[in-house]
Amino acid sequence: MNRVKVFFFVLSLLLCGCGKVKQFMTDGSLSYHFDAPASVWEETFPLGNGRIGLIPDGGVEEELYVLNEISMWSGSRQNTDNPAAAGSLPEIRRLLFEGRNGEAQKLMYSTFVCGGAGSGHGNGATVPYGSYQLLGNMQLTYACGEEGEEISGYRRELSLDNAVATVSFKKGKTTFRREAFTSFAADMGVIRLSADREKTLNLSIALNRPERYAVSPDGFDLQMSGRLFGGDSLKAPEGIAYGARVRTLLPRDGQQIILDDTLLQIRNASEIILLVGMATDYFGKEVNGQLDSLFLAAEGKKYEQLKSEHEAAYRMLFDRVRVDFGRVKEKEALPVNQRLEAFRQDGNDPSLMTLYYQFGRYLLISSTRPGGLPPNLQGLWCNTIRTPWNGDYHLNINAQMNLWPAESGNLSELHLPLIEWTKQQVESGRRTAKVFYNAQGWVTHILGNVWEFTAPGEHPSWGATNTSAAWMCAHLYSHYLYTRDKAYLAEVYPVMKEAALFFTDMLVEDPRSRYLVTAPTTSPENAYLMPDGNSASICAGSTMDNQILRELFRNVIEAAGILGVDADFAKTVSSMRERLMPTTVGADGRIMEWLEPFRESEPHHRHVSHLYGLHPASEITPDRTPELAAAARKTLEARGDESTGWSMAWKVNFWARLHDGEHAHKLLADLLTPCMQTGFNYAKGGGTYPNLFCAHPPFQIDGNFGGAAGIAEMLVQSQNGYIEFLPALPAAWSTGFFSGLCVEGGGEVSARWKNGRWQAAGVKARVSGDFRVKLPADRFEMRITVNGEPVSFPVTDGILEVHLQPDDVLEIHFPLSS
């Protein structure tokens with residue numbers, strides 16, 4: 001038996017038999033449903049293939065499909081230079097070092113901001129910064145059955161197993177069914193409308209959007225096209241070109257009619273197939289040429305072939321991971337809005353957590369793909385031309401959180417669009433470094449878009465954070481840690497080095513402490529109280545900055561060593577790393593957020609940036625730094641649990657890193673609190689919308705991704721140099737299994753447990769290397785096999801270490817009685 005066959009044979013045993021896995025996949029637990037059409041956008045289903053999206057509301061007589069394409073951005077590249085910035089830098093630093101932070105901040109507001117309008121204070125649709133926008137609306141108007149006939153049996157469902165949304169209902173004597181998906185194979189939207197009685201389908205199709213569009217027929221195709229606002233009425237009045245095309249296929253019968261050149265009508269059909277193509281010229285390809293190619297490739301294919309090819313392509317990604325925390329079948333039968341409310345009442349629905357984790361993976365698979373753009377603040381789904389916060393890439397946690405589940409969730413290739421996007425910022429970031437700081441290397445701040453905006457934001461209280469490039473470089477290195485691809489590391493190392501190079505120039509000695517500090521900077525979006533009682537945001541150094549820089553310098557040093565390059569530069573950053581103020585516990589027992597003992601203006605602020613060293617970095621751990629871990633716990637307790645959706649998701653990860661599964665689970669339950677508030681709320685009110693979108697509020701997808709990543713952290717961790725199974729297992733998941741999660745070092749792992757205790761765990765090596773596994777302290781009897789053969793390895797300080805070749809499978813079995 002070869003190694004691959006051994007792995008799947010053993011894996012089937014590990015998960016109590018393949019039959020159980022198949023039952024889990026087909027019993028409906030990886031889908032959710034409503035018993036009524038969507039009354040608000042937050043009840044619709046998100047469909048996407050990484051480039052395009054469809055969002056159907058499931059209306060009976062009027063059905064709206066919102067159309068999305070991930071490069072649908074207004075705006076354009078712009079000059080953000082501010083000649084006054086570098087000249088004011090010495091004075092800003094002097095004032096900070098003299099404790100005159102208020103004066104330093106006032107000077108920052110007048111001199112150290114981007115040139116131009118910046119992000120338009122979140123209204124980028126009217127300035128060059130731009131905004132992510134819907135491509136358009138497709139309105140389907142049905143004339144089904146006789147007027148006044150009763151509607152019954154309505155069900156609207158999204159299946160995560162095959163990424164297909166369905167609607168079914170009965171009107172009078174006729175049962176109607178609709179299926180929709182965004183094909184991962186054909187790269188277009190596909191919709192099938194059918195009825196169980198002949199020639200009962202009648203509908204009209206219209207395309208529109210709020211502005212800047214025209215609709216015209218092309219034969220019996222309906223096409224919408226236009227150009228977005230370019231941002232500058234003189235230099236770039238026209239921006240991205242876009243187009244959408246709808247084609248109807250009538251496999252059996254029916255008639256197509258174009259009315260008024262803007263409306264497509266279909267009469268007396270038994271089955272209707274709609275193909276929806278979307279494109280922009282963001283990547284330099286002409287729109288109509290792209291649409292022609294898409295429709296030519298789909299030409300002649302029957303619906304069944306389109307669907308099967310879509311499912312096969314999608315499931316190559318989705319089926320890599322299986323998770324089961326147990327089931328309460330009567331809860332799974334509830335419409336999802338009722339299910340969320342029932343969970344809020346009694347907290348007993350373990351498969352809802354399974355669904356939520358896999359929904360996070362589904363959203364990531366659906367909102368990005370290699371060669372495209374990374375998911376933005378709303379993934380790729382929006383229903384307006386003024387998406388909240390421009391639907392951009394906020395770089396003080398939100399864009400990063402979007403990719404937290406990629407590596408552990410066995411979707412490593414979906415990390416690449418963010419990595420490529422980061423590389424594309426370097427040229428602009430070099431200019432920003434020179435103009436604003438007179439420094440080498442590259443830098444970016446909180447704001448990111450598709451136009452390489454790297455300057456400070458228009459408001460220093462949030463726009464002055466300057467460690468975003470360093471944080472992005474953590475993602476570059478993380479992808480290497482999971483893949484061990486040295487060719488890839490050589491490709492991204494220059495980006496990491498230049499980010500570090502910037503700080504070799506930008507860091508300056510604080511004469512009061514002799515530490516090197518980032519000045520000026522902030523602790524993202526939070527403020528502190530000065531001695532005079534006034535609040536300020538600008539400071540000389542912050543704990544988060546120091547934690548990020550220690551991580552960046554360490555990663556650059558390690559990468560240089562692996563590649564055998566830049567030994568002198570590695571020594572330079574190593575020396576500077578030692579001169580950063582260490583993470584410090586204040587007199588109140590909490591981690592200090594700033595390098596001085598300031599009090600927070602907002603003690604329950606949504607950002608907990610000074611715990612970056614706990615997560616996503618690994619500077620603070622219960623095993624290596626117990627004092628800091630205790631201080632981190634106290635920090636979280638003081639900050640509180642209730643917050644915005646994404647903040648609660650981050651806290652799930654924090655508590656998982658502290659090995660507190662009960663508190664992590666409590667935060668997950670808080671994150672799943674039903675929410676219908678759609679306006680802006682920065683303090684409280686976060687949770688989950690009926691369609692499982694995360695509520696900031698408003699909708700912000702990072703909470704979905706952060707929550708999914710937190711669940712993975714509860715099941716397995718590998719950031720400390722060894723694999724730790726079930727580090728934060730809550731009592732609510734007392735029995736279960738997982739398979740297909742990934743760990744640093746190039747391994748794929750699985751585990752099974754019962755009554756809160758390990759039964760078995762497995763590690764499949766993807767690359768050759770040493771794998772270290774932390775064993776439970778209370779389990780002394782075990783059976784270890786490699787490729788099914790019993791073996792013996794030494795255990796040192798509770799750590800089992802074994803060398804594996806690619807496709808080797810290590811298994812650890814514990815007797816039930818041990």
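**View 1. An open, seven-stranded antiparallel sheet in this predicted model.** Reading across the sheet, the strand order is β17-β27-β28-β29-β35-β31-β32, and the pairing is antiparallel. The edges belong to β17 (322–324) and β32 (789–790); each has a single partner strand, so one side of each is left without a neighbour in the sheet. Helix α9 (residues 350–367) packs on this sheet, where it touches β17 and β27 (736–743). The direction of α9 makes about 160° with that of β17.

**View 2. Strands β31 and β35 side by side.** Here you can follow β31 (residues 783–786) and β35 (residues 809–813) as they run antiparallel, joined by four bridges. For a handy landmark, look for T785, which stands opposite E811 in β35.

**View 3. Helix α8 against helix α9.** Helix α8 (residues 336–346) packs with α9 at an angle of about 125°, and their axes are 11 Å apart. Because of that angle, α8 counts as oblique to α9. The crossing of α8 past α9 is left-handed. At the contact, R339, L340 and F343 from α8 meet S351, L352, M353 and L355 from α9.

**View 4. The largest nonpolar core, with 231 residues.** The residues with the most contacts inside this core are L67, M138, Y362, L552, L715, F725 and F738. Helix α16 (residues 486–506) supplies the largest share of the core, 11 residues. Zoom in on L552: setting aside neighbours within four places in sequence, L552 is in contact with A470, C473, M496, A499, A500 and F503. Another core, of 16 residues, lies apart from this one and includes V190, A241, L275 and L291.

Notes: Residues are numbered from 1 along each chain as its sequence is written. This is a predicted model: local features need pLDDT of at least 70, side-chain atom pairs count only at pLDDT 80 or more; totals for chains, interfaces and linings use all residues. Side-chain values use heavy atoms; hydrogens and water are left out. Two strands pair if DSSP finds at least two bridges between them. Helices (H or I, at least four residues) and strands (E, at least two) are DSSP runs, numbered from the N terminus. Contact means heavy atoms within 4.5 Å. Axes are lines fitted to C-alpha atoms, for helices over the stretch in contact, and angles run from 0 to 180 degrees between N-to-C directions. A nonpolar core is a set of buried Ala, Val, Leu, Ile, Met, Phe, Trp, Tyr and Cys residues joined through side-chain atoms within 4.5 Å. Buried means under 20% relative accessible area, exposed over 50%, partly exposed in between (1.4 Å probe, protein chains only). Angles under 35 degrees count as roughly parallel, over 145 as roughly antiparallel, 65 to 115 as roughly perpendicular and the rest as oblique. A crossing is left-handed if the near helix is turned anticlockwise from the far one by less than a right angle, and right-handed if clockwise.
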